[in-house]
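Load the model in your viewer and keep the selection panel open. The stops below go from enclosed spaces to open ones, then to strands and cysteines.

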Amino acid sequence: MIKVGIVDCYSGPPSTYTNDVRDAFKMVTDEINAAGGVLGHQIQFVTRDSKFKVDLGLSAAKELVLRENVDILMGTINSALALAISDLAKKEKIPFLATFSKSAKITGASGHRYVFSITENTALAGKAAAAGLAQRPFVKYWIAGDDYEYGHAIADGVWENLKILKPEVELLGQSWWKVGEPDFTPYITAILAAKPDAVIVATGGRDCVPFLKAAKATGFNEKVPFYMHTATELSTLKPLGLDAPEGVIGTSNYFFYHPDTTENKAFVAAFQKTYERYPAVGAVYGAMAANFIKDAYEKAGEVDTEKFIDALEGLTVQTPVGPVTMRAYDHQAMLPMFMGVTKKSPDHDFLIATDIVTIPGDQVMPTIEEIKKARGE
């Protein structure tokens, strides 16, 4: 048996993202197990709810390693927790697949042999967002977001790259609120008073939906253009239904309606048949994680941790968005990025992304030299 331990937040707003990771992982591992498993071994997984708390999640990860004897750790949407679990994985010499946390530190400055990122990170999202925003007429910006690891990382990723691509941009100011902020109105009022051309909103999984709800209620999206990573993503838009704000610029690794390929259609059909809903971006991460595990063990030829890691480095798997390679040097999955704008659709009771621009993964990856510099190598 190959045992996987998943620590993630299954309580409150973040679950709109994390449930799809777990469910797609189960769907694909069920298929793998039904076909005989991996090298004759069945894949089993257990989950623990972090409740978006670093201490609780880290304790759960330790329990999974020391008591459940898992072979692999997976998770989590909380970047600070992901970095903590990554440290644990390094100490215990157990592979950790980061499936939703976006901090570039995970495979950048804090990267090591035992951590792999299945999702895109703030460095990739930052480059992709900057490439798209640089083509727009905005010059004067305001940055606002969650005052924690991910918020600052995504804001820095976008802004640093945007300054390179468009040196004339100007930062008028910044606003930072605590995670779980109950009232965004004072922040929105202050931002509008500064009269920026556009706003970079750096919210994490817990506050994406509440912030968009506040943007709609205050008319923020009608008064100033703003960009928010994952704003076009189904997990963010579906809970809001037709009450989501239109015209918001966002980026994501996946839409169930894009790309329009045979592989994606087959994945959507399988997920819908199993769970009676459309797959969101987390489903792609969960499916990828399962296939990376299967293919890496099969390439290794045996269930051995060190050989599994060696096999996973540089491995390419087929996904709904095309082939994705796990870059050998930094253990970062090279995912494409899709930038679009939120808009109502006559075919759905939620908003979708339109005017989608595809930015290939190899174009937004940080260079090896940048990774070495971040790690002080």
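Which residues line the second largest cavity? Select Phe-100, Lys-102, Glu-120, His-229, Thr-230, Glu-233, Thr-251, Ser-252, Asn-253, Val-281 and Tyr-285. Bear in mind throughout that this is a predicted model.

**Stop 1: the cavities**

With that selection shown, the space it surrounds has a volume of about 40 Å³. Strand E10 (249–252) and helix H11 (281–300) are the elements that give two or more residues to this lining. By class, the lining of the second largest cavity has 3 nonpolar, 5 polar and 3 charged residues.

Now move to the largest cavity, which holds about 100 Å³ of space. Its lining counts 13 residues, and those closest to the centre are Ile-77, Lys-102, Tyr-150, Gly-204 and Gly-205. Lys-102 was also in your previous selection, as part of the lining of the second largest cavity. The lining of the largest cavity divides into 6 nonpolar, 6 polar and 1 charged. At a threshold of 30 Å³ or more, the structure holds 2 cavities.

**Stop 2: the largest pocket**

Clear the selection and pick Ala-104, Thr-122, Ala-123, Gly-157 and Pro-366, which are the closest to the centre of the largest pocket among the 25 residues that line it. The space here is about 530 Å³. Add helix H4 (122–133), helix H5 (149–165) and helix H14 (368–375), since each supplies at least two lining residues. Colour H5 separately: with 8 residues, H5 gives the most to this lining. The lining of the largest pocket is made up of 10 nonpolar, 8 polar and 7 charged residues.

**Stop 3: the second largest pocket**

Next select Glu-263, Phe-267, Asn-291, Gln-318 and Pro-320; of the 13 residues lining the second largest pocket, these are the closest to its centre. Its volume is about 210 Å³. Helix H1 (15–34), helix H10 (262–275), H11 and E11 each contribute at least two residues to the lining, and H10 gives the most, with 4. The residues of this lining split into 8 nonpolar, 3 polar and 2 charged.

**Stop 4: the hairpin**

E11 leads to the next view. Select strand E11 (residues 316–319) and strand E12 (residues 322–325), which run antiparallel and are joined by 4 bridges. The two form a hairpin with 2 residues between them. Label Thr-316 and look across to Thr-325 in E12, which stands opposite.

**Stop 5: the open sheet**

Switch to a cartoon view and find the open sheet of 5 strands, in the order E2-E1-E3-E4-E5, with parallel pairing. Strand E2 (43–49) and strand E5 (115–117) each have a single partner strand, so one side of each is left without a neighbour in the sheet. From one strand to the next, the twist averages 20°. Zoom in on strand E1 (residues 2–8) and strand E3 (residues 72–75), a parallel pair with 3 bridges. Gly-5 has Leu-73 in E3 as its bridge partner.

**Stop 6: two cysteines**

How many disulfides does a search of the whole structure find? The count is 0. Select Cys-9 and Cys-208 to see one case. Why is Cys-208 not bonded to Cys-9? The sulfur of Cys-208 is 13 Å from that of Cys-9, the closest cysteine sulfur, and this is too far for a bond; the cut-off for a disulfide is 2.5 Å. Both sites are buried: Cys-9 has a relative accessible area of 1%, and Cys-208 has 2%.

Terms used: Residues are numbered from 1 along each chain as its sequence is written. This is a predicted model: local features need pLDDT of at least 70, side-chain atom pairs count only at pLDDT 80 or more; totals for chains, interfaces and linings use all residues. Side-chain values use heavy atoms; hydrogens and water are left out. On a 1 Å grid over the protein atoms alone, a cavity is a set of points where a 1.4 Å probe fits but cannot get out, and a pocket is an open set with protein on both sides within 12 Å along at least five of seven lines; lining residues have an atom within 4 Å of a point. Grid points are joined across faces, edges and corners, and a volume is the space filled by probe spheres set on the points. Ala, Val, Leu, Ile, Met, Phe, Trp, Tyr, Cys and Pro count as nonpolar, Asp, Glu, Lys and Arg as charged, and the others, Gly among them, as polar. Two strands pair if DSSP finds at least two bridges between them. Buried means under 20% relative accessible area, exposed over 50%, partly exposed in between (1.4 Å probe, protein chains only). Axes are lines fitted to C-alpha atoms, for helices over the stretch in contact, and angles run from 0 to 180 degrees between N-to-C directions.
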